[in-house]
Amino acid sequence: MEVLPHRQKSSPKTAFKDLLQQLQNHSVVTKKSKYHVDDIQGEQLSQALKNNRSLVVELNLSDSGLGDDGLACIAEALRGNESLVQLILCGSDSITPAGIVILGECITHNRALTNLNLDFVAVEDSGAHALASALKVNTCLNCLSLSNSDITDIGARSLSSALEVNSTLTHLNLEYNEICCTGMCCIGDALAKNTSLGYLNVGYNNVGNEGAKSLASALIVNSSLLQVNLSVNRVGTMGMQALAQSLTRNSSLLSLGLAFNCKIDDFNAAKSIADAVDKNKTLLELDLYATHFPGELLNRVAMRLLKNKAKKKASFIKTLNGEKKNVWNRSRLMIVGQGRAGKSATVRSLLGLTFNPVWDSTVGAAVAESEIQSTNSSWRHLRTHLDDHSSPFAARIMRKTYSRTKTESHRTMASIVSDTSKAVPSLLPRMNANWDLRGSLKNTRESVSLSSSNYSAISASQNGIMARNTLAIHSSTSISFSKGTIAREFDDDLLYAATRDVNSNPFSLSLWDFGGQSVFYSIHHMFLTRSGVYVVVFDMRDMLNDETVEKCIGFIRFWIESIDLHAPDSRILIVGSFLDQVNGLTELRSINETFKSRSKFNLSKVIRNDANQLVFFPVDNKNKKGVTDLRVNVVQAIQKDETIQQLVSIKWIRFLDEILAVKSTHSFLELPRVKDIARSLGIMSSEEQEEALQLFHQRGLLVHLSKSQILKEIIVVHPPWLIDRLSKLVRDDEVHSFNTDEILKMGLGEDLELLLSKALVSRDLLDFLWKGERVEFLIEFMKHTMLLSSWPFNQQKLYLVPSLLKDAPNPSKNDKSARCIFDFSETFLPIGVFHRLLCLCVARCASLANSEESTDYEEPLLFKTYGSVEIEPNLKVILQEDAANHRITIIPYSFAFASRSFTIVHSMLKKINADLMNSGLYWNMFFGDTDGKCFEYSEAKSRKLMPWFHKDSKGGNVVAPDLRDFLDKI
């Protein structure tokens, strides 16, 4: 995500010229600057934003000189903009309420802007009314900052009417305005109904006791507010008491600011506040600075809250090491499609990243992480993968427990001020471009702290100046852990985030972008999982071209059927890219009709674009058109996936963390070590261990292929590492070329030529491509996934990589030769199955060649869709793939071994189906006699058709023990 905040080195005017030039040239903006923009320049900026919407995500126009006319132009650009998420206009003193009214009208239906900062702008009541009208309709804006904006009770009443119906605004900053008790009462009434606002700052107003009482009434029923600042509001004893009583019944508030309000000169009122703190089980911060709170009670509150902190620390450790379950809220999004169709650009659009016109196509697959707010479908790209899943998961379990019962102990902490001689900043500072979830409410004054060996308490002297004393923790409150207990730091942010999650219900997402070149498809089948959501991307230009339409539909069909093979219950969205090069609705309808008329595959599981009455979602990744609709529909598809609501034990999440902890030093672990980790956490049964590993695999966090016992023994803890290594070898050299210069320097030029011409790779070249890292493991992994086999036909140590075989005319016997046809046409024949069949045939040769009774084998003749292989001594067959008709044919050289050749090839296909195709492949079998007649399997068998079922044929239909043993080892 490219952001454009302040930069120091260039002047605002120069910076604006640079920005405008970059936008006009469709360049990616990387400079971070503050811009000087007058009204004329505002019009130029507006036009640039309309023409190139993808390059600016955050725009900082604070103190820019922008006036109403310039703001009107920028506001107009916001109507259709789908990329700008943060607009900062604070300090723009040339903007009047009239300009804010125009801005409000334009953001009413905007679906991208999430943060709007209008601090120190003359919003006034008319502007507040316009913004309130927008909030009643807008479903995207999260943060609105209106500090020092000349808003009175009238404007507060307008905003309160929006709070009653809005369900997406989470932050509202109204400090330094002119809001009195009437306006605060309106806000209080609205908060009693609101379920989304988490952060409210009304500091430095004049709400008085009545306003505080209204807020207190709201806090009794409101369950979303986390942090409230009511500092400097002339709240007296009556208001303080009302707030104190609300604290006894509120179970969600984490921070309350009451600094610089009226002096608490009534000891009983102060005692009621102290009593309330004793009863409230959620409050983390309480700011009572300059309220003359009695020192005697202050010490009592401090000690009580600090003991609660220790108790909650122990509760967190207990939860972390317990067995409670919660919804994990994690899914997986897999993006597939034809090469160069715009998959990577679509992923970047979904993540809110800028369009890159020179982005290389994906090699193998790329993996990214995102956090999604389900309330407004906003996506946050996580640039690094989480190292600790269990701590936030434990915090969410705790928070869920708090919401369910008020008897559970809650972690609390008071931030109590100690030095009146210090300057006192606002508890909720003016919202800036990075107004974070908790940092905006951090108390900058001296606060109570807790260490492992002592509590720091606060005592009060007669004159009100506070000094710090240290008290030892009594042994009765110390925390002890049993052997094997996992102890982690539990800071305030964990519970803040957990409470936020209860309100916004976010979920985490692993995004897998699979390379589109067909050479990678044989790899992809290993990583397609039965749960999650799939996005199939195609180039709409290909659907409008008579020369490419059939090929385009063929790729879409391949992916739809592949997904149905591996994930029959998953939801699918089809995305058409390059919307900017499609001529409006007419051509979109034409593409839609092509789908209906030419598609020979099932579209019943495809999520329809009901808004546009299409079976696909058109997007323009350059200008971000259609991306918001796509995001919303992806989120809805994920939410309908029942697996995302699966309850998961905290033990399993700890198990995951312990496995992934080795990523920095190990790319994979062997199953016995993983089982040891599980048993150390109390996961004793093999069935539960396997169930947990399968869940982690399905969510895309590791790779655990369980269909084959040998593959089951390996857990890949860093999937991108495995994909990268496989793709170093399995690649389309015309698209992703090898590093020829470096290979030649290493003296491996002939090795590379052998790989490119005959799909044979030497051990030396593998060492180079994989940098000598885990070469033996990777060779064995590729053997067991049938991507590679030993080549036993010369002295040099070589391996066959069948997916790299070249096209060639298929030599064949005459059409009347006896043949067996495996017909997949009722479903489909996935790319890679034939290559794996060749791989198994060559591996069979290699296994027999290494046996004690080995004989000399004829070297196979292999091409992309043809193979002539001597599978066993004297048993030579021709294998042919007819991809267009979804068939594999075997033709024996000798009729005497026809039955045996059928048995071997059939057994190999069943092995491929069971281990790598989710047992989802179906085929019919037809047998041809020497006269060219063809019969279905049952009829051919009843006829004892020669040479396949004749009583004198060698081999029969029973799999020989040596073949079964060979297949089991694969």
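**Close-up 1. The largest nonpolar core of the predicted model and the residues with the most partners in it.** In this predicted model, the largest nonpolar core contains 125 residues, of which Phe 538, Phe 616, Leu 729 and Phe 822 touch the most other members. The surroundings of Phe 616 serve as an example: leaving aside residues up to four places away in sequence, Phe 616 touches Phe 538, Met 540, Ile 574, Gly 576, Leu 588, Ile 591, Asn 592, Phe 595 and Asn 609. Apart from the largest core lies another one, made up of 76 residues, including Leu 159, Ile 179, Leu 219 and Leu 253.

**Close-up 2. The crossing of helices H17 and H18.** Two packed helices are described by the angle between their axes and the distance between the axes. For helix H17 (residues 549–566) and helix H18 (residues 584–598), the axes come within 12 Å and cross at roughly 70°, and H17 is therefore roughly perpendicular to H18. The crossing of these two helices, H17 and H18, is right-handed. On the H17 side the contact involves Val 549, Glu 550, Ile 553 and Ile 556, which meet Thr 594, Phe 595 and Arg 598 of H18. By residue class, the contact of H17 with H18 consists of four nonpolar residues, one polar residue and two charged residues. Phe 595, listed here on the H18 side, is also one of the residues touched by Phe 616.

**Close-up 3. The crossing of helices H9 and H10.** Helix H9 (residues 237–247) and helix H10 (residues 267–279) have axes that come within 8 Å and cross at roughly 20°, so that H9 is roughly parallel to H10. H9 passes H10 in a left-handed crossing, and the contact is made by Thr 237, Met 240, Gln 241, Ala 244 and Leu 247 of H9 together with Ala 269, Ser 272, Ile 273 and Ala 276 of H10. Six of the residues in the contact of H9 with H10 are nonpolar and three are polar, while no charged residue takes part.

**Close-up 4. Glu 58 in strand E2 and its approach to Leu 87.** Glu 58 belongs to strand E2 (residues 58–60) and, because its relative accessibility is 4%, counts as buried. Although Glu 58 and Leu 87 are 29 residues apart in sequence, their C-alpha atoms are 6.0 Å apart in space.

**Close-up 5. Backbone geometry at Arg 774, Asn 874 and Pro 947.** Most residues other than glycine have a negative phi, and most peptide bonds are trans. Arg 774, which is not a glycine, has a positive phi of about 55°; this residue is placed in the loop between helix H27 (763–769) and helix H28 (775–784), and with a relative accessibility of 34% Arg 774 counts as partly exposed. Asn 874 likewise has a positive phi, near 70°, in a residue other than glycine, and is found in the loop that runs between strand E29 (866–872) and strand E30 (875–882). At 59% relative accessibility, Asn 874 counts as exposed. In the loop between helix H31 (937–943) and helix H32 (961–969) lies Pro 947, and the peptide bond leading from Met 946 to Pro 947 is cis, with omega near 0°.

Note on methods:
Residues numbered from 1 in each chain as written. Predicted model: local features only at pLDDT ≥ 70, side-chain atom pairs only at ≥ 80, totals over all residues. Heavy atoms only, no water. Axes fitted to C-alpha atoms, helices over the stretch in contact; angles between N-to-C directions. Helix = DSSP H or I, 4+ residues; strand = E, 2+ residues; numbered from the N terminus. Parallel < 35°, antiparallel > 145°, perpendicular 65-115°, else oblique. Left-handed = near helix turned anticlockwise from the far one by under 90°. Contact = heavy atoms within 4.5 Å. Nonpolar A, V, L, I, M, F, W, Y, C, P; charged D, E, K, R; others polar. Buried < 20%, exposed > 50% of the residue type's maximum accessible area, 1.4 Å probe, protein only. Core = buried A, V, L, I, M, F, W, Y, C linked by side-chain atoms within 4.5 Å.
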